[in-house]
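Colleague: I should be grateful for a close look at a single part of this model. Please choose one strand and describe its surroundings in a connected account.

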Amino acid sequence: MVAQKSQGKMEKLVALCKRRGFIFQSSEIYGGLNGFWDYGPLGVELKRNIKDAWWYDVVRAPCNGIDGNLLEIVGVDTSIIMNPKVWIASGHVGGFSDPMVDCKATKNRYRADHLLCAEAFATQKGQTVSLGWLTVLDGDDPLSVWSKRGEKLLKKKGGGDLIIPQALQSYVDLPEIVQRSVIGPDADEPGTLTEPRQFNLMFKTFVGAVEDSSAIAYLRPETAQGIFANFRNVIDTSRVKVPFGIAQIGKAFRNEVTPRNYIFRSREFEQMEIEFFVPPSEARQWYEFWRKKRYDWWLSIGISSNNLRLREQTKDELAHYAKEGAGSSDIEYRFPFTDPGFGELEGIAHRADYDLRRHAEDSGQDDRFKYFDQETNTRYFPHIIEPSAGADRGALALLCEAYTDDPNRPSGVVMKFHPRIAPIKAGIFPLVDKDGMPEIARNLYVDLRKDWNVQLDVKQTIGKRYARMDEAGTPFCFTIDTQTLSDQTVTIRYRDSLQQERIDISQVRNFMFDKIGRS
């Protein structure tokens, strides 16, 4: 029941995002392209607000650190295509891959570690018989999906009572002899899946006019390496001292085997990353600091603590660069397609000095890549604490969090965005398109749009205009009516409570600053 309810919410959310211009399928008129999405007029404002809030809170106005001093964080914007030696040094060329299997019957391709399996047993004529191994994709209530496939298989095998397994196990953990005999997620017969093989996730391209091995380059699969490669440049030009951070927001690309769950796992996405450089002796303290700071930030922009958790990774989960550090943690959100479980929203990792050492060695910079501490007169490789968030996953989490069914509203739904994140901050409506009301509304609109993204709407009934603003998540609406003509007051309508009050039109700007601040 929970899975059906969550799936229904996701379907309604996707429909609203298309209808109201949050998110579109990329190149939809040509059938689209799996794993690529476009942001519409409301979506681009939502995502920009998330990135602007992150940049302001991280770079422009950071908080105090563990020593009570203001954090020192500077920004960079590095190129998407870099010298391929960067990716050799980072380990991406040799090890950035996922296990992949193909189905010979359906021609579908799957990530092997996303497949879940169980042997199907049934009771037939008083005996327990095996129907074979069934495979499903990990996702929305996989056990329920497995059960439906099992019932379908049971009918083909003569009927009986299906025995539902207690749990499913990962395909990659099965013995090879069993892997060769499973029934694929979309297949009807066993033995159609190929053996798992490693698939490098980087998009390959060529630089220059000749397409040969000397011209191979890659679209970056993460923004972090551009920061590490510029570590020395930033040190030399910015007068920063350890501890300090370098922040970047930018596109990254991964040739995912099976992109899915809307914009949660796509092939083109945007990252918001901090690489924070600290003395090795302080690494654990800074790791704990950033874990809490980043968790609190998501709460501050509208994520409910009921849907957010901070989870420490197990040793088996740790990436190669984090195995020698204090650990890695994931900030996870309860998405509809993971409910009652969670999906990663941001990761905080102690990368130790792995990256700086690798780039120092592979580039030939060696000790020149070390940080010189003038107070102690020593050179060393700082350790790195990396909070890495997904802007697209952040947008999806905030869309899911904001979506609220409300049968008492004309549209039946309201998007309850935090005012700081809302794509449109206020709607401005003349009650009717006459008697001087449109002119007053237009003047107010022109004044407010200097500081906020506001919308002037003069069409249709006031109820339909409210409904549009509810679906856009607009926190406030100002209506100019007949009383405005006599006393220069306007009606404020609050999105969440539906309460209304009147204030003088000259106080609207102050009201917006008080409720939202400067956009």
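**A strand and its sheet**

Modeller: In this predicted model, Glu346 has Ala389 in β20 as its bridge partner. That bridge belongs to the pairing of β17 with strand β20 (residues 383–390), which is antiparallel and runs over 6 bridges. Helix α10 (residues 354–363) packs on the sheet and touches β14, β17 and β20; the direction of α10 makes about 60° with that of β17.

Strand β17 (residues 343–352) also pairs with β16, in the antiparallel sense and over 6 bridges. Here Asp330 stands opposite Gly347 in β17. The strand chosen for the close look is β16, which spans residues 328–333. Strand β16 is mostly covered, with 6 of its 6 residues buried. Ser328, Asp330 and Glu332 point one way from β16, while Ser329, Ile331 and Tyr333 point the other way; residues on both sides are buried.

Strand β15 (residues 308–312) is another partner of β16, and the two pair in the antiparallel sense over 5 bridges. In this pairing Arg311 stands opposite Asp330 in β16. Asp330 therefore has a place in the account of each pairing, as it also stands opposite Gly347 in β17. The wider setting is an open sheet of 7 strands, with mixed pairing and the order β3-β13-β14-β20-β17-β16-β15. The edge strands are β3 (73–75) and β15, each of which pairs on one side only. From one strand to the next, the twist averages 20°. Helix α8 (residues 231–238) packs on the sheet as well, touching β3, β13 (244–253) and β14 (268–278); its direction makes about 135° with that of β13.

Note on methods. Residues numbered from 1 in each chain as written. Predicted model: local features only at pLDDT ≥ 70, side-chain atom pairs only at ≥ 80, totals over all residues. Heavy atoms only, no water. Buried < 20%, exposed > 50% of the residue type's maximum accessible area, 1.4 Å probe, protein only. Helix = DSSP H or I, 4+ residues; strand = E, 2+ residues; numbered from the N terminus. Pairing = 2+ DSSP bridges. Axes fitted to C-alpha atoms, helices over the stretch in contact; angles between N-to-C directions. Contact = heavy atoms within 4.5 Å.
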